[in-house]
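Colleague: I am new to this one and would like to talk it through. Could you show me the structure before I start asking?

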Amino acid sequence: RMRSYFISMASIFVAAVSLLTCQSNTASRDAIDQRVDELLAKMTLEEKIGQMNQYNGFWDVTGPAPNEEQARKKYDHFKQGLVGSVLNVRGTAHVRKLQELVVKESRLGIPLIFGQDVIHGQETITPIPLAEAASWDLAAIEKSAQVAAAEAAAIGLNWTFAPMIDISRDPRWGRVMEGAGEDPYLGAKVAVARVKGFQGNDLSAPNTIAACAKHFAGYGFSEAGRDYNAVDIGAYTLHNVVLPPFKAAVDADVKTVMNSFNVLNGVPATGNKYLQRDILKDRWKFNGLIVSDWASIFEMIPHGHARDLKQAAELAIHAGNDMDMESYAYVQHLKSLVEEGKVSEEQVNDAVRRILRLKFELGLFDDPYRYCDSVREKSVLMQPDHLTAALDVARKSIVLLKNDRGFLPLNKAQKNIAVIGALAADKNSPLGNWRAGADENSAVSVLEGLQKYTLAIRYAKGADVVVGKPEFIRETAVNETDSSGFREAVALARQSDVVIMVLGEDGFLSGEGRSRTNLNLPGVQERLLKAVHGVNKNIILVLMNGRPLTINWANANIPAIVEAWQLGTRSGDAIAQVLFGDYNPSGKLPMTFPKSVGQIPLYYNHFNTGRPDPTGLVFWSHYIDETNEPLYPFGYGLSYSEFTYSDLKIDTTDRQAINVSCTVTNTGRVAGEEVAQLYIRDRVSSLVRPVKELKGFRKFSLEPGASQNVQFVLTDAELGFYDADGQWLVEPGEFDVMIGTSSVKGLVGRFSR
Ligand code: NOJ
């Protein structure tokens, strides 16, 4: 009784605290709104429009670069208070200089917000987001974003253009490395974890920054996986697959949203009123700001939606786009659009309020230089606990794809190991694309990681990877044919007991503008793998890549395969710990690995079709030259332990909260972590539902022999779906339910409600 007394006292205390916090949040929101209105009243129309203008700095570019005249004009605009925000200016000295220019020289001295793509770390680099999603470990993902925020804030930044929460079913699209994969449920959970990690509880704290959910919307469905291409998806897919992570981010109080480059069903997202005003601002009550993507207002001209930049500006503001990133559209044309009565000043005011509110919340009006402390800058970057967090999430992101006869882990006393492949010695590729301020070659390589365990290693490069150059503008340089290193590698493999081959993609072969039509190991790497296999079959293949790959031959012939993505600064340490068994791999794929490019889009939560089953005749939904199955399915990943699922129970007593549970036992010989996944299938509904949908997961660790009861509660929130207009429907009927170790293996039951 004492225990329950304490529990209820504790919950009263928690409720009281959250009521107080809620009240004080409302109070501070009101106070900020008042300050915003006071300031707005002092501003001229030009100054208001200036706040809606975002320029790139004069150094780095992450899009097409401006010409000289534009650069000169920009400088004057800063002084005239015609710029509200800037991107790609970082470092306390640079930030302070530009901030001073604006605060001291412009009439009202309204501070700038400094934004940058801090996608997976600032200087301490954590795994690419697709890899982190493979950890299914929300606490680790949140921590990783916290580290990124602390470092970004320490170098003067206030705003990251992350998380990218575009769902994508197309690994040809290079930007899948930036997202959480193909599933809206996992995607939404990861989105929230990352928003919380970046923003924390107090945006004005010196270690938090504003997040930006992007790209709104549909960008992950670019046709044929070619970046910037048109998107043509049904409204049903939009509402059930694309939008849920954005809704979750908005509910988690994400401060900003970025729209996207693509046309969605005929209308560019940047000029799309249905998306931005109707859904995001009106229906979801989003009160933060919407920033365009780089020049995406301008791009409505080549899209064929606007006749000129002036009309593009008009369309963008009507659609709800508040800030113009590098189109020069608002700063040049909004004033005359207002004067001509085509845009109302109230529309401008609404956008400016959203921008100023964020500046107040960041504390920039109290001290425009609060993020410009050069002492803090030095002490925060690459702090030891940041490096520890980076290692933790890196280990958790690794997925064990194959492990015949317990080939892995390696015995620590293993002698005579060959390490082959250019990526094994590469200290740059593991940093991946979008590496913000990371120093070149600052990752721990696989070789270095392994050498901390044993010196019984010999290395041969064997072959280059195809190199995607880091410069943004230049084309990918290719070394597709040189096999002159094969001889040395094969000779080394012949003399060795075990061969670790590190193959995959260069760190810049994925990311923005890096679409591929092949998903093989680039260049001559597969030939190298086969040549080595010809003399030594004891191969461990470590993959480093920014997207799912088609590695059918390796899967059929190589006994152990480890998916190590691009894991960031501590990459080699994480990989070595997994190979030598100091960390038992626990990652699960957040994206399907196809067998061939021709199967794409291939994803687990597809529809059944009217002809799903083999009939003996040709007339069923299939290919004649490949199976329908993926190489590795969504949710898949092995461990050095075995997890056995038993005792599925479904309790429908409370129809509003159906309990589904089972027991998971570690029947292996070592301790390990498992991700138990719950999937449902709505058997019959007014709008056809997918054959499987993830609706819950739990990650936990178990000692050998130990069991854990896993419980899930299914409510309307899990069992309903959106119609084509985005209205939520919940229909009675029969549901299949599965709890298991991946999307294809588990205990299956059925219930009605
Ligand atoms: C274009 C990218 O699409 C977007 O994600 C990024 O934030 C901006 N460039 C700024 O670098």
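**Cavities, cores and cysteines**

Modeller: Let's start inside: the second largest cavity has a volume of about 80 Å³. Please keep in mind that this is a predicted model.

Colleague: How many cavities of 30 Å³ or more does the structure hold?

Modeller: There are 4 of them. For the second largest, 13 residues form the lining, and Met164, Ile165, Gly179, Ala180 and Val190 are the closest to the centre. Two elements give two or more residues to that lining, helix H5 (129-135) and helix H7 (184-199). The largest share comes from H7, with 4 residues.

Colleague: What makes up the lining of the second largest cavity, by class?

Modeller: It has 8 nonpolar, 2 polar and 3 charged residues. Gly179, one of the residues closest to the centre, counts as polar because Gly is placed in that class.

Colleague: Why is Cys372 called buried?

Modeller: Buried means a relative accessible area under 20%. Cys372 has 4%, so the label fits.

Colleague: And why does Cys662 count as buried?

Modeller: The reasoning is alike: its relative accessibility is 0%, therefore Cys662 falls under the cut-off.

Colleague: How many disulfides does a search of the whole structure find?

Modeller: The search finds 0. To be counted, a pair of cysteine sulfur atoms has to lie within 2.5 Å, so no pair here meets that cut-off.

Colleague: Which residues have the most contacts inside the largest nonpolar core?

Modeller: They are Ile500, Met501, Ile540 and Trp565, in a core of 182 residues. Helix H14 (residues 345-361) gives the most to this core, with 7 residues. Another core, of 19 residues, lies apart from it and includes Tyr645, Ile680, Leu702 and Leu714.

Colleague: How do you know what Ile540 touches?

Modeller: Contact means heavy atoms within 4.5 Å. Leaving out residues up to four places away in sequence, the partners of Ile540 include Phe407, Leu408, Leu410, Val498, Val499, Ala560, Val562 and Leu579. Ile500 and Met501 are also among them.

Colleague: Which residues of helix H12 (residues 309-319) are buried?

Modeller: Leu309, Gln311, Ala312, Ala313, Ala316, Ile317 and Ala319 are. Gln311 is buried but cannot belong to a nonpolar core, because Gln is not one of the residue types that such a core is built from.

Colleague: What do the buried residues of H12 pack against?

Modeller: They pack against helix H10 (273-283), helix H11 (300-303), helix H13 (329-339) and H14. After H12 comes Gly320, with a positive phi near 110°.

Terms used
Residues are numbered from 1 along each chain as its sequence is written. This is a predicted model: local features need pLDDT of at least 70, side-chain atom pairs count only at pLDDT 80 or more; totals for chains, interfaces and linings use all residues. Side-chain values use heavy atoms; hydrogens and water are left out. A nonpolar core is a set of buried Ala, Val, Leu, Ile, Met, Phe, Trp, Tyr and Cys residues joined through side-chain atoms within 4.5 Å. Buried means under 20% relative accessible area, exposed over 50%, partly exposed in between (1.4 Å probe, protein chains only). On a 1 Å grid over the protein atoms alone, a cavity is a set of points where a 1.4 Å probe fits but cannot get out, and a pocket is an open set with protein on both sides within 12 Å along at least five of seven lines; lining residues have an atom within 4 Å of a point. Grid points are joined across faces, edges and corners, and a volume is the space filled by probe spheres set on the points.
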